[in-house]
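I opened a fresh notebook page for this chain today. Below is what I looked up, in the order I looked it up.

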Amino acid sequence: MAAKYCMECGQPMARRLIDDTERLACTACGFVHWGNYSIGVGALVIRDGKVLLVRRAQEPGKGLWTNPGGYIEQLESIRETIRREVLEEAGKDCLSTSSRSCRLTDMAYSGYNGCIQSRRRGGR
Ligand SMILES: [Zn+2]
């Protein structure tokens with residue numbers, strides 16, 4: 001079922017091209033409906049005993065260091081998501097080598113969170 005009205009301000013939603021994907025977005029406040037679920041992933045990119053971190057560009061935690069990650073697109077696999085997020089946020093092409101999952105229930109939000117161990121593509 002598609003959202004007809006914004007969940008933030010109640011104004012009509014319209015289809016817009018966002019990040020090369022057609023999505024429903026609010027015509028008034030810019031709220032984007034990313035889908036009917038929110039599965040997130042976080043990548044652990046390790047090289048020479050060091051972990052790749054990125055600085056958050058948006059709230060919450062804007063300016064803080066974190067591991068690359070984000071939400072899975074509806075037609076995307078977990079490995080594709082990790083590769084895309086690391087490339088978008090750190091400019092590094094990586095190859096997912098294993099995955100772990102956990103459910104976070106003691107934080108401000110609850111849900112499924114996939115944690116992926118990755119290495120840079122090409123072994124560098
Ligand atoms: Zn709105």
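**Entry 1: a bridge to begin with.** I started at a single pair of residues: L24 has H33, in strand 3, as its bridge partner. A note to myself before going on: this is a predicted model.

**Entry 2: the strands around that bridge.** I then asked how strand 2 and strand 3 pair, parallel or antiparallel. Strand 2, residues 21-26, runs antiparallel to strand 3, and the two are joined over 2 bridges. Stepping back, I found that the open sheet has 3 strands in the order 1-2-3, with antiparallel pairing. Its edge strands are strand 1 (13-18) and strand 3 (32-33), each of which pairs on one side only.

**Entry 3: the whole chain.** Next I listed the secondary structure and got 1 helix and 10 strands. Along the sequence I read the pattern as β-β-β-β-β-β-β-β-α-β-β. The chain has 124 residues, and 18% of them count as buried. I also looked at contacts with a separation of 6 or more: 42% of these join residues 24 or more positions apart.

**Entry 4: the core.** Which residues make up the largest nonpolar core? I noted 7 of them: V41, A43, V45, I72, I82, V86 and C94. Strand 4 (40-47) and helix 1 (78-90) each supply at least two residues of this core. The largest share comes from strand 4, with 3 residues. As general background, nonpolar side chains tend to be buried together in soluble globular proteins.

**Entry 5: a closer look at V41.** V41 sits in strand 4. Why does V41 count as buried? I found 26 C-beta neighbours inside 10 Å of V41, and the cut-off is 20 or more, so V41 counts as buried. I also checked V41 against I72, another member of the core. The two are 31 residues apart in sequence, while their C-alpha atoms are 7.2 Å apart in space.

**Entry 6: helix 1.** I tested the length of helix 1 with simple arithmetic. Its 13 residues, at 1.5 Å a residue, should span 18 Å, and the end C-alpha atoms are 18 Å apart, so the two values agree. Then I asked which residues of helix 1 are buried. My list reads T81, I82, R83, E85, V86 and E89. Among them, I82 and V86 also appear in the largest nonpolar core.

**Entry 7: just past the helix.** My last stop was G91, just after helix 1, where I noted a positive phi of about 70°.

Terms used. Residues are numbered from 1 along each chain as its sequence is written. This is a predicted model: local features need pLDDT of at least 70, side-chain atom pairs count only at pLDDT 80 or more; totals for chains, interfaces and linings use all residues. Helices (H or I, at least four residues) and strands (E, at least two) are DSSP runs, numbered from the N terminus. A residue is buried if 20 or more other C-beta atoms lie within 10 Å of its own, exposed if 12 or fewer, and partly exposed in between; C-beta atoms are placed from the backbone. Two residues are in contact if their C-beta atoms, placed from the backbone, lie within 7 Å. Two strands pair if DSSP finds at least two bridges between them. A nonpolar core is a set of buried Ala, Val, Leu, Ile, Met, Phe, Trp, Tyr and Cys residues joined through C-beta atoms within 7 Å. The expected span of a helix is 1.5 Å times one less than its number of residues.
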